[in-house]
Each structure stands twice: as structure tokens, then as C-alpha cells.
Amino acid sequence: MWVSWVGVSFCVASMVAVSIAPASTFWHHVERYILIAIVIIGCTLNIAGAARLIADMLTATHAYSSTTLLATATVIWTLNVLLFALLYWQTDRVGPRLLSEDFHFVQQEGLEATKWEPRFIDYLFLAFATSTSFTPPDSSRAMSHRAKLLAMLQASISMVTLFLIASRAIATLS
């Protein structure tokens with residue numbers, strides 16, 4: 001329990017440091033590495049939780065009710081969306097106001113391209129659309145191999161969560 005509080009404290013401290021010194025690339029790099037580490041740990045625990053639940057479901061002795069399975073599938077899916085939105089946001093940002101070539105958004109084309117910058121909500125929409133349709137939306141494209149692999153991993157976790165856990169919960173409702 002205390003480990004999660006330490007992780008949240010590091011995240012908040014790094015975000016405060018970036019807010020206090022927005023021009024400092026050092027604090028941006030510190031924030032980026034702390035958030036990526038926390039997200040990787042969270043994704044690993046989320047995948048492990050889903051794997052354990054599936055392993056328990058495959059045995060005939062599990063005692064999960066359909067509402068427990070459905071609630072757990074909802075938590076795993078929601079965490080998947082939020083963690084990957086944070087991961088996309090952090091991997092696509094290189095430094096203060098600098099963007100890498102991981103994702104390309106439609107708004108980056110045309111006359112207004114120099115004024116538009118993606119915000120967290122753009123990455124949240126990307127993660128939500130990837131988790132619901134199992135492919136990135138038409139408004140953004142994964143450009144790098146890293147971004148494509150992350151989108152595939154996110155879609156795979158969503159498919160397993162929805163097809164195995166949620167469908168089992170719905171099948172046992174009656």
C-alpha cells in the first residue's frame with residue numbers, strides 16, 4: 001500500500017518541479033522518466049491482474065460472481081486506457097514544447113499546424129479509441145515503431161479484457 005503512495009508522491013513532486021521551473025529541461029526529463037516508470041509498473045500489474053483472473057477463470061474452482069468479473073473487467077479496461085494515455089503523452093513529448101515523431105495528428109497539417117500542440121486529452125482520446133475499436137483513430141497515426149507496438153499492446157489487452165473476462169461475466173449473468 002505504501003508503495004503506491006510513494007509512486008504518487010514522486011509523480012506529484014516531479015510535476016510540481018516542472019510547474020515551478022517550466023524552462024528547465026532537467027525537470028522535464030525527471031518528470032518524464034518518473035511517469036514512464038510508474039506507467040510501466042502500472043501496466044505490468046494490470047496485465048498480471050488480468051492474467052491471474054483468466055487463469056482463475058480457466059480452473060473450475062473459481063468463485064467469482066458475474067458482477068465481480070464485470071467490475072474487474074471494467075477496472076482493467078479503464079486502467080488500460082488511462083495508463084496508455086499517459087504513456088503516449090510522455091513518449092511523444094521530448095522536452096518543453098518539443099514533439100517527437102511517435103504520433104501524427106490531423107491538426108498538425110495545414111496552415112494552423114505551427115500553432116497547434118497536442119494536449120493530454122488528445123492522447124486520452126487516442127487511447128480510448130484504440131481500446132474500443134482496437135485500432136488508432138483516423139485523426140491520429142502512429143508514426144514510429146515504438147508507437148505502433150504500444151498501440152498493438154494496448155489493443156491486445158483490451159481484446160483479452162473484453163472478449164474473455166467481460167464475455168464470461170455476461171455469460172454467467174443468467
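Here are some worked exercises on the predicted model shown above.

**Exercise 1. Getting oriented**

Find how many helices and strands the protein chain has, and work out the order in which they run.

*Solution.* Start by counting: the protein chain has 5 helices and 4 strands. Next, walk along from the N terminus, and the elements read α-α-α-β-β-β-α-β-α. Then look at the contacts between residues at least 6 apart in sequence: 69% of them join residues at least 24 apart. Finally, turn to the surface. Of the 174 residues, 36% are buried. The accessible surface comes to about 10300 Å², and carbon and sulfur atoms account for 72% of that area.

**Exercise 2. The largest nonpolar core**

Identify which elements supply at least two residues each to the largest nonpolar core, and which element gives the most.

*Solution.* Begin with the core itself, which has 21 residues. Phe84, Leu87, Tyr88, Phe103, Tyr123 and Ala127 have the most contacts inside it. Now assign the elements: helices H2 (25-58), H3 (66-92), H4 (120-133) and H5 (145-171), together with strand S3 (103-105), supply at least two residues each. The top contributor is H3, with 8 residues.

For a closer look, select Phe84. Setting aside residues up to four places away in sequence, Phe84 touches Cys43, Ala127, Leu150, Leu153, Gln154 and Ile157. There is also a second, separate core of 10 residues, with Leu53, Ile76, Ala166 and Ala169 among them. As background, nonpolar side chains tend to be buried together in soluble globular proteins.

**Exercise 3. Two helices and their spans**

Compare the end-to-end reach of H5 and of H2 with what is expected at 1.5 Å a residue.

*Solution.* Take H5 first. This helix has 27 residues and reaches 38 Å from its first C-alpha to its last, close to the expected 39 Å. Now take H2: its 34 residues should span 50 Å, and the end C-alpha atoms are 49 Å apart, so the two values agree.

Next, list what each helix buries. In H2, the buried residues include Leu35, Ile36, Val39 and Cys43, but also His28, Glu31, Arg32 and Asn46. In H5, they include Ala147, Leu150, Gln154, Ile157, Ser158 and Thr161. The buried residues of H5 pack against H2, H3, S3, H4 and strand S4 (140-142).

**Exercise 4. One residue inside H5, one at its surface**

Decide whether Ala147 and Val160 are buried, partly exposed or exposed.

*Solution.* Both belong to H5: Ala147 is in this helix, and Val160 is too. Ala147 has 1% relative accessibility, so it counts as buried, given that buried means under 20%. Val160 has a relative accessible area of 32%, so it is partly exposed.

Now add the surroundings. Beyond residues up to four places away in sequence, Ala147 touches Asp102, Phe103 and Ala142. Ala147 and Asp92 are 55 residues apart in sequence, while their C-alpha atoms are 8.7 Å apart in space. Val160, for its part, belongs to a nonpolar surface patch with Met159, Leu162, Phe163 and Leu164. Together these residues have about 390 Å² of accessible area.

**Exercise 5. The salt bridge**

Locate the salt bridge in the structure, and state which parts of the chain it links.

*Solution.* The structure holds 1 salt bridge. Its partners are the side chains of Asp102 and Arg146, at 2.6 Å from N to O. Asp102 sits in the loop between strand S2 (98-99) and S3, and Arg146 sits in helix H5, so the pair, 44 residues apart, links distant parts of the chain. Then check the burial of each partner. Asp102 is buried at 4% relative accessible area, whereas Arg146 is partly exposed at 41%. In general, side chains of opposite charge can pair when their charged atoms come close.

**Exercise 6. Two polar residues**

Which residues do Asn80 and Glu109 touch, leaving out those up to four places away in sequence?

*Solution.* Asn80 is in helix H3 and is buried, with a relative accessible area of 1%. Its contacts are Asn46, Ser131, Gln154, Ile157 and Ser158. Glu109 lies in the loop between S3 and H4 and counts as partly exposed at 42% relative accessibility. Glu109 is in contact with His104 and Arg141.

Notes. Residues numbered from 1 in each chain as written. Predicted model: local features only at pLDDT ≥ 70, side-chain atom pairs only at ≥ 80, totals over all residues. Heavy atoms only, no water. Core = buried A, V, L, I, M, F, W, Y, C linked by side-chain atoms within 4.5 Å. Buried < 20%, exposed > 50% of the residue type's maximum accessible area, 1.4 Å probe, protein only. Contact = heavy atoms within 4.5 Å. Areas by Shrake-Rupley, 256 points an atom, 1.4 Å probe, with all protein chains shown as cover. Expected span 1.5 Å × (residues − 1). Patch = residues over 30% accessible without salt bridge, like charges linked within 9 Å, V, L, I, M, F, W, Y side chains within 5 Å. Salt bridge = Lys/Arg side-chain N within 4 Å of Asp/Glu carboxyl O.
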